[in-house]
Amino acid sequence: MKHLAVIPGDGIGKEVVDAGMEIIEAVSEISSFDYDAELFDIGSERYLRTGELLTDEDLDDLGKKDAIYFGAIGDPRVRPGILEKGILLRMRAHFDQYINMRPVTSWHPFVPLKKHFDFDICFLRENTEDFYMGAGGMLRNGKDAEVNIRRKLYDMRIDLRAESSSGDDFAFEIGLLSRKGVERFADHAFRTAAKRNDDTVTLVDKANVCSIYEIQREIFTDKAKEYGIDVEFMYVDAMAMAMIVRPHTFGTVAVPNLFGDILTDLGAQLQGGLGMGASGNINPDGVSMFEPIHGSAPDIAGQGKANPIAAILAVKMMMDHLGHEDVGTMIQNAVRTCLDNGKYTADLGGKLTTKEAAAEIKKAVLRQ
């Protein structure tokens, strides 16, 4: 039996997680997958009620689970960044989920490209380093924020003094890549490529202007020899263009944190929109978390307009991760069947509500 933590979160997160749980229940009826699920009250409502974001008790309880199924967070009543940093980013950091995996699949006929391409890209975004370290800040008149910035840098064990002799305001951000962090990222990328039978790993960076990425190229070159799989290097701007004109030429793609955040949203649009994008925050040896990539969309929450497919495909990823790849295939086939038969929500041009679309996918699962 697998033990799941379920965090619906905010807005449409609650609706799409309900849809995903329907699919989990369906596959448990017709396969060997057995589970129990514990619901966690983590999100804006609890924060507004109690001031709590993610408690030590939450983390302890979540750490006892086999996987976390997450909806979305975000609420217009809460200042941007509070929930994201205090819940989502803290959870990723605490459980050392150093890989963000985002499949980009050609879900025809919803691919917006004029030319027909069949593609199956596995984006692996490094999830803990790069320019998302939180070690930046702003100096006003050269002094106001200096203490806080130095404290952040001290916590990272970097001795860097930020001073302004002119008294002008300025802001900065620090990126960091560690050998340990890049090596484990590279290992996972090459293992993924081997599993997918890809003969090349594409590494995306901006090494022509950012020296931070030199160590990444060095390590990936060494790992390519170790695994017997080629590595190709792409600058991020060239990669963005290539995704539009030749997405079918890519397989396993490794991307540092910042560029990965951008490119994977482009990938989501290529496959039909945010409502089709699923992701996994992966710790290969610990607790991983699976979620749709979209936000809480408070403007449509409670109206039955949300596309549940991203959350359902996140279930597919969770099943694969938990060793039930046969179940993951069943879910993906059920989604494909419903797309082929016009059973989807308005964002894709359909007429179904969130619950109705989920019910159709559930029926397709149970017919297998």
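**Aromatic pairs**

I searched the whole structure, which is a predicted model, for aromatic pairs, and the search returned six of them. I looked at F185 and F220 to begin with, and I noted that their rings are edge-to-face, with 5.8 Å from centre to centre and 70 degrees between the planes. This pair links distant parts of the chain, since F185 belongs to helix α6 (residues 179-196) and F220 to helix α7 (residues 214-227), 35 residues apart. I checked the accessibility of both and found that F185 and F220 are buried.

I then turned to F190 and Y227, whose rings form a stacked pair at 5.6 Å centre to centre, with 10 degrees between the planes. F190 sits in helix α6 and Y227 in helix α7, so this pair ties together parts that are 37 residues apart in sequence. Which of the classes, buried or exposed, does F190 fall into? With a relative accessibility of 0%, F190 counts as buried, whereas Y227 has a relative accessible area of 27% and is therefore partly exposed, as it falls between the limits of 20% and 50%. I recorded that ring pairs link F185, F190, F220 and Y227 into a cluster.

I also looked up a charge over a ring, and I found R184 lying over the face of Y98, at 3.9 Å from the ring centre.

**Strand β1 and its partners**

I went next to strand β1 (residues 2-9), where six of the eight residues are buried, so the strand is largely enclosed by the rest of the structure. The chain leaves β1, passes through helix α1 (residues 12-30) and arrives at β2, and I noted this β-α-β crossover as right-handed. β1 pairs with strand β2 (residues 35-39) in the parallel sense over five bridges, and within that pairing V6 stands opposite L39 of β2. I found that β1 also pairs with strand β3 (residues 67-72), in the parallel sense and over five bridges, and here L4 has A67 in β3 as its bridge partner.

**R46**

I located R46 in helix α2 (residues 44-50), and I asked whether this arginine is buried or exposed. Its relative accessible area is 8%, which is under the 20% limit, so R46 counts as buried. Leaving aside neighbours within four places in sequence, I listed the contacts of R46 as D41, G51, E52, L53, L54, T55 and D58. I also took the C-alpha to C-alpha distance from R46 to G9, which is 9.7 Å for two residues that are 37 apart in sequence.

**S106**

I placed S106 in the loop between β4 (99-105) and β5 (120-126). What does the side chain of S106 reach? I found the backbone nitrogen of F119 at 3.0 Å from that side chain. Not counting residues up to four places away in sequence, S106 touches V111, F117, D118, F119 and R336. S106 has a relative accessible area of 11% and is therefore buried.

**The whole chain**

I closed with totals for the protein chain, in which I counted 12 helices and 12 strands. Of its 368 residues, 53% count as buried. Among contacts between residues at least 6 apart in sequence, I noted that 74% join residues at least 24 apart.

Conventions. Residues are numbered from 1 along each chain as its sequence is written. This is a predicted model: local features need pLDDT of at least 70, side-chain atom pairs count only at pLDDT 80 or more; totals for chains, interfaces and linings use all residues. Side-chain values use heavy atoms; hydrogens and water are left out. Helices (H or I, at least four residues) and strands (E, at least two) are DSSP runs, numbered from the N terminus. Buried means under 20% relative accessible area, exposed over 50%, partly exposed in between (1.4 Å probe, protein chains only). A polar contact is a pair of N or O atoms within 3.5 Å; within protein, one must be able to donate a hydrogen and the other to accept it, and residues adjacent in sequence count only if both atoms are side-chain atoms. Contact means heavy atoms within 4.5 Å. Two strands pair if DSSP finds at least two bridges between them. A crossover is right-handed if, with the strands pointing away from the viewer, the path from the first strand over the helix to the second runs clockwise. Rings of Phe, Tyr and Trp (its six-membered ring) pair if their centres lie within 6.5 Å; planes under 30 degrees apart count as stacked, over 60 as edge-to-face and the rest as tilted. A charge sits over a ring if NZ of Lys or CZ of Arg is within 6 Å of the ring centre and within 35 degrees of the ring normal.
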